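Visitor: I should like a close look at a single part of this structure. Please take me through that part step by step and relate it to the chain around it.

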Amino acid sequence: MNATRTGLLTGLVLGLALAFGGFGAFLAVLVLGAIGFLAGRHLDGAIDLGRLLGRDRG
């Protein structure tokens with residue numbers, strides 16, 4: 001799945017959360033989506049979360 005499709009899917013999910021769950025649900029989906037995005041990028045090896053969090057391995 002390329003970045004355009006991923007962005008579109010994310011926008012649709014956030015829009016549905018806002019429409020049906022209100023602003024609180026929108027924020028929850030947004031935060032959890034960002035955490036999932038960072039975890040996925042870490043598992044792909046694209047980013048080093050240890051470095052971002054100040055826990056460099058040496």
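The part in question is helix H1, residues 3-44. How far apart are the end C-alpha atoms of helix H1, and where is the kink in H1 centred?

Guide: The model shown here is predicted. The secondary structure of the protein chain consists of two helices and zero strands, and helix H1 spans residues 3-44, a run of 42 residues. A straight helix of that kind, at 1.5 Å a residue, would reach 62 Å. In H1, however, the C-alpha atoms at the two ends are only 14 Å apart. H1 also contains a kink of about 145°, and this kink is centred on Gly21.

Contacts between residues distant in sequence may be considered next. Phe26 belongs to helix H1. Its C-alpha atom is separated by 7.7 Å from that of Gly15, although Phe26 and Gly15 are 11 residues apart along the chain. When neighbours within four places in sequence are left aside, Phe26 is in contact with Leu14, Ala17 and Leu18.

Leu30 is likewise found in H1. Leu30 and Leu14 are 16 residues apart in sequence, yet the distance between their C-alpha atoms is 6.9 Å. As to its exposure, Leu30 counts as partly exposed because its relative accessibility is 39%, a value that falls between the 20% limit for buried and the 50% limit for exposed.

Leu30 also has a place on the surface of the model. Together with Leu18, Phe23 and Leu27, Leu30 makes a nonpolar surface patch of about 360 Å². Leu18 thus appears twice in this account: Leu18 is one of the contacts of Phe26, and Leu18 is also a member of the patch.

For the chain as a whole, 5% of the 58 residues count as buried. The protein chain exposes about 4,900 Å², of which carbon and sulfur atoms supply 67%.

The end of the helix completes the description. Just after H1, Gly45 adopts a positive phi of about 85°.

Note on methods. Residues are numbered from 1 along each chain as its sequence is written. This is a predicted model: local features need pLDDT of at least 70, side-chain atom pairs count only at pLDDT 80 or more; totals for chains, interfaces and linings use all residues. Side-chain values use heavy atoms; hydrogens and water are left out. Helices (H or I, at least four residues) and strands (E, at least two) are DSSP runs, numbered from the N terminus. The expected span of a helix is 1.5 Å times one less than its number of residues. The bend at a residue is the angle between axes fitted to the seven residues ending there and the seven starting there. Buried means under 20% relative accessible area, exposed over 50%, partly exposed in between (1.4 Å probe, protein chains only). Accessible areas come from the Shrake-Rupley method with a 1.4 Å probe; for residues, only the protein chains shown count as cover. Patches are made of residues with over 30% relative accessible area and no salt bridge: like charges are joined within 9 Å, nonpolar side chains (Val, Leu, Ile, Met, Phe, Trp, Tyr) within 5 Å. A salt bridge is a side-chain nitrogen of Lys or Arg within 4 Å of a carboxyl oxygen of Asp or Glu. Contact means heavy atoms within 4.5 Å.
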